[in-house]
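Got your viewer running? Load the model, switch to cartoon with sticks on demand, and follow along stop by stop.

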Amino acid sequence: MKKIIAILDDEPIRIEAMCQQIIQRFTNLEHKTFDNAPDMIQWLKDSLEDVVVMSLDHDLGPNRERSGEVFDPGIGRDVVNFIESHKPTCPIIVHTTNHFGGEGMQYALEDAGWKVERIVPSSELTWITGRWINVVTELIEY
């Protein structure tokens with residue numbers, strides 16, 4: 001069984017900073033990133049049990065073009081809707097500035113029995129190198 005930290009976020013600079021922190025702290029863990037909900041849900045269908053921590057953003061940006069078609073990246077709540085019907089297998093971080101969206105994700109996951117931590121990002125990346133990676137570390141040791 002693999003041990004993976006799975007991340008959903010549409011901002012490449014945040015994904016890069018998160019991956020750097022994971023690589024520096026956890027040489028024994030892999031990481032998998034997604035910038036849209038449909039791809040993450042598809043991956044989770046076969047890999048949910050390999051995830052040791054999941055970090056989910058709510059807002060994933062506007063529709064965009066993909067393979068010549070209009071593609072809807074969905075929202076983090078779409079991932080929550082998928083995983084809340086599964087047995088809890090790992091702790092989850094909800095990292096979003098969307099107050100109501102984040103609360104909805106958190107409450108739905110907690111109601112389904114998942115352990116959830118909430119982080120509100122700031123405009124700078126210091127929240128990733130501070131609170132976020134510290135919470136990831138605590139949850140892995142949980």
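Is Trp43 buried or exposed? Trp43 is buried, at a relative accessible area of 17%, where buried means under 20%, exposed over 50% and partly exposed in between, using a 1.4 Å probe and protein chains only.

Before you click further, some housekeeping. This is a predicted model, in which local features need pLDDT of at least 70, side-chain atom pairs count only at pLDDT 80 or more, and totals for chains, interfaces and linings use all residues. Residues are numbered from 1 along each chain as its sequence is written, and side-chain values use heavy atoms, with hydrogens and water left out.

**Rings**

Keep Trp43 on screen and add Phe34. The two form an aromatic pair, 5.4 Å centre to centre with 45° between the planes, which makes it tilted. For the cut-offs, rings of Phe, Tyr and Trp (its six-membered ring) pair if their centres lie within 6.5 Å; planes under 30 degrees apart count as stacked, over 60 as edge-to-face, and the rest as tilted. A search of the whole structure turns up 1 such pair. Phe34 is buried as well, at 8% relative accessibility.

Next, select Arg66 and Phe71. The charged end of Arg66 sits over the ring of Phe71, 3.9 Å from the ring centre; the test wants NZ of Lys or CZ of Arg within 6 Å of the ring centre and within 35 degrees of the ring normal.

While you're there, click Ser67, in the loop between β4 (64-66) and β5 (69-71). Helices (H or I, at least four residues) and strands (E, at least two) are DSSP runs, numbered from the N terminus. Ser67 has a phi near 55°, a positive value in a residue other than glycine. Ser67 is exposed, with a relative accessible area of 74%.

**Cysteines**

Show the sulfurs of Cys19 and Cys90. Why is Cys19 not bonded to Cys90? Their sulfurs are 16 Å apart, and although Cys90 holds the closest cysteine sulfur to Cys19, that is too far for a bond. A disulfide calls for two cysteine sulfur atoms within 2.5 Å, and the whole-structure search finds 0 of them. Cys19 is buried at 11% relative accessibility, and Cys90 is buried too, at 7%.

**Two helices**

Cys19 is a handy way into α1 (12-25), where the buried residues are Arg14, Ile15, Ala17, Met18, Cys19, Gln21 and Ile22. Those residues pack against β1, β2 (30-34), β6 and α5, with contact meaning heavy atoms within 4.5 Å. How long should α1 be? At 1.5 Å a residue, its 14 residues should span 20 Å, and the end C-alpha atoms are indeed 20 Å apart. The expected span is 1.5 Å times one less than the number of residues.

Now hop to α5 (residues 126-141), whose 16 residues should span 22 Å, in agreement with the 22 Å between its end C-alpha atoms. Centre your view on Trp132, where α5 bends by about 35°; that bend is the angle between axes fitted to the seven residues ending there and the seven starting there. Colour the buried residues of α5: Trp127, Ile128, Trp132, Ile133, Val135, Val136, Thr137 and Leu139. Their cover includes β1 (4-8), α1, β3, β6 (92-95) and β7 (116-119).

**Strands and a loop**

Select Met54 in strand β3 (residues 51-56). Met54 is buried, with a relative accessible area of 0%. Leaving out residues up to four places away in sequence, Met54 touches Ala6, Met40, Leu44, Leu48, Val79, Ile83, Cys90, Pro91, Ile92 and Ile93. One of these, Pro91, is 37 residues away from Met54 in sequence but 6.6 Å away in space, C-alpha to C-alpha.

Move over to Val116 in strand β7, buried at 10% relative accessibility. Not counting residues up to four places away in sequence, Val116 touches Ile92, Val94, Gln106, Leu109 and Glu110. Draw a C-alpha distance from Val116 to Val53: they are 63 residues apart along the chain and separated by 10 Å.

Last stop: Glu84, in the loop between α3 (76-83) and β6. Glu84 counts as partly exposed, at 28% relative accessibility. Setting aside neighbours within four places in sequence, Glu84 is in contact with Ala108, Ala112 and Trp114.
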